[in-house]
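Colleague: I would like to learn how to read helices and sheets in a model such as this one. Could we go through it slowly?

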Amino acid sequence: MRYQYITMKRGKSALPCRICSFCLKKALALALLAITLSLTSIMTHAAHSTATAQEVTEQAPQQPLRIVSLAPHLTEWAFNLGLGDNLVGVSDYSDYPEQAKTIQRVADFQGADIARIVALKPDLILAWDGGNKPQDIHKLSSVGLKVFKSKVENIADIASEIKKLGAITNSQKKASILADNFIQKLTALNHEYAKTSLTPVFYYSWTTPLMTVGPDAWANKLLHVCGAQTLFYDSLVDYPQVTLKDVLTRQPQALVAASKSARADLESFWADHRSFLNAPLIVVNPDITSRFSLRLINELKLLCEGIN
């Protein structure tokens, strides 16, 4: 039997040790087996860890955002951004799109139903700063609910506020497209109907009592886009009550009725005075012109075409 020699160091001396070829091969085989078993154990553990992670992900998916809207235009914004299915509660008069009518009502003109809203366990409340009661917004915030307060003072604010909502609901891309398109159309209308002298228009919603809008009212901002202004631009209040004689005396160049009444009924009010007033009657949808909705831009176009 042939032997191989290996050298073992012990201190400063080196002693020869004879190991047979058979023993050497056996030792090598055992070492290889140990390495193989170790690698198999590591791979099995990794595979088990991956499967476990996948199983946890499948069993506990992230819950969708639960949203409550406290104003009709905010409800529309949610649908615009593809978040309609996330709405678990909305305000009265949230009637667009059709699907909004089926969602539970949690607020009306008297205020928000705090207890009902809390019971819905929303992740986000959409509130109208300037429309909803400040005390309601404060109560919702004080119980730990996240509140998005939207404030619109000018028409262009609709676009910027939608972008803000998109940023906190992971819908930035869609919000940006919608907002940019809105601003583009608004800018085009401003350029098309820009005038040095504004056309006097009588804008009203009902005739009993006969009320119109002042210089700082929302409707007058719409008229400005069309190169017009309220007939009562000198009013000290936003919604003054006026007389028929006042209107006839001032001679508006157009009448704008923000009403859902039939045109024939609206025309009948002015019929006896047409010998003194030749202004055309334009009818707009109050659910659109009074809301900060993306639909406003198309209604605004019709308004401008009618006035001009």
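**Helices and sheets**

Modeller: Let us begin with a contact between two helices, where Trp218, Leu222, Leu223 and Val225 in H7 meet Leu296, Leu300, Leu303, Cys304 and Ile307 in H11. By kind, the residues of this contact of H7 with H11 divide into nine nonpolar, no polar and no charged. Please keep in mind throughout that this is a predicted model.

Colleague: At roughly what angle do the axes of helix H7 and H11 cross?

Modeller: The axes of helix H7 (residues 218–225) and H11 cross at roughly 65°, and they come within 9 Å. The crossing of H7 and H11 is right-handed.

Colleague: Now the sheets: how do strands pair?

Modeller: Strands of a sheet pair through backbone hydrogen bonds, and the pairing is either parallel or antiparallel. Here, one open sheet has four strands in the order S10-S9-S11-S12, with parallel pairing. Its edge strands are strand S10 (228–230) and strand S12 (281–284), each of which pairs on one side only. From one strand to the next, the twist averages 35°.

Colleague: How many bridges are there between strand S9 and S10?

Modeller: Strand S9 (residues 199–204) pairs with S10 over three bridges, in the parallel sense, and Pro200 stands opposite Gln229 in S10.

Colleague: Which strands of this sheet does helix H9 touch?

Modeller: Helix H9 (residues 263–270) packs on the sheet and touches S9, strand S11 (254–258) and S12, while its direction makes about 140° with that of S12. Helix H11 (residues 296–307), which we met in the contact with H7, also packs on the sheet, touching S9, S10, S11 and S12, and its direction makes about 180° with that of S12.

Colleague: What is the strand order in the open sheet of six strands?

Modeller: The order in that sheet is S6-S5-S4-S3-S7-S8, and the pairing is mixed. Strand S6 (111–112) and strand S8 (147–150) stand at the edges with a single partner strand each, so one side of each has no neighbour in the sheet.

Colleague: Do strands S4 and S5 run parallel or antiparallel?

Modeller: Strand S4 (residues 87–91) and strand S5 (residues 105–108) run parallel, joined by two bridges. Within this pair, Val90 stands opposite Arg105 in S5.

Colleague: Which strands does helix H5 lie across?

Modeller: Helix H5 (residues 157–168) lies across strand S7 (124–128) and S8, and it runs at about 170° to S8.

Note on methods: Residues numbered from 1 in each chain as written. Predicted model: local features only at pLDDT ≥ 70, side-chain atom pairs only at ≥ 80, totals over all residues. Heavy atoms only, no water. Pairing = 2+ DSSP bridges. Contact = heavy atoms within 4.5 Å. Axes fitted to C-alpha atoms, helices over the stretch in contact; angles between N-to-C directions. Left-handed = near helix turned anticlockwise from the far one by under 90°. Nonpolar A, V, L, I, M, F, W, Y, C, P; charged D, E, K, R; others polar.
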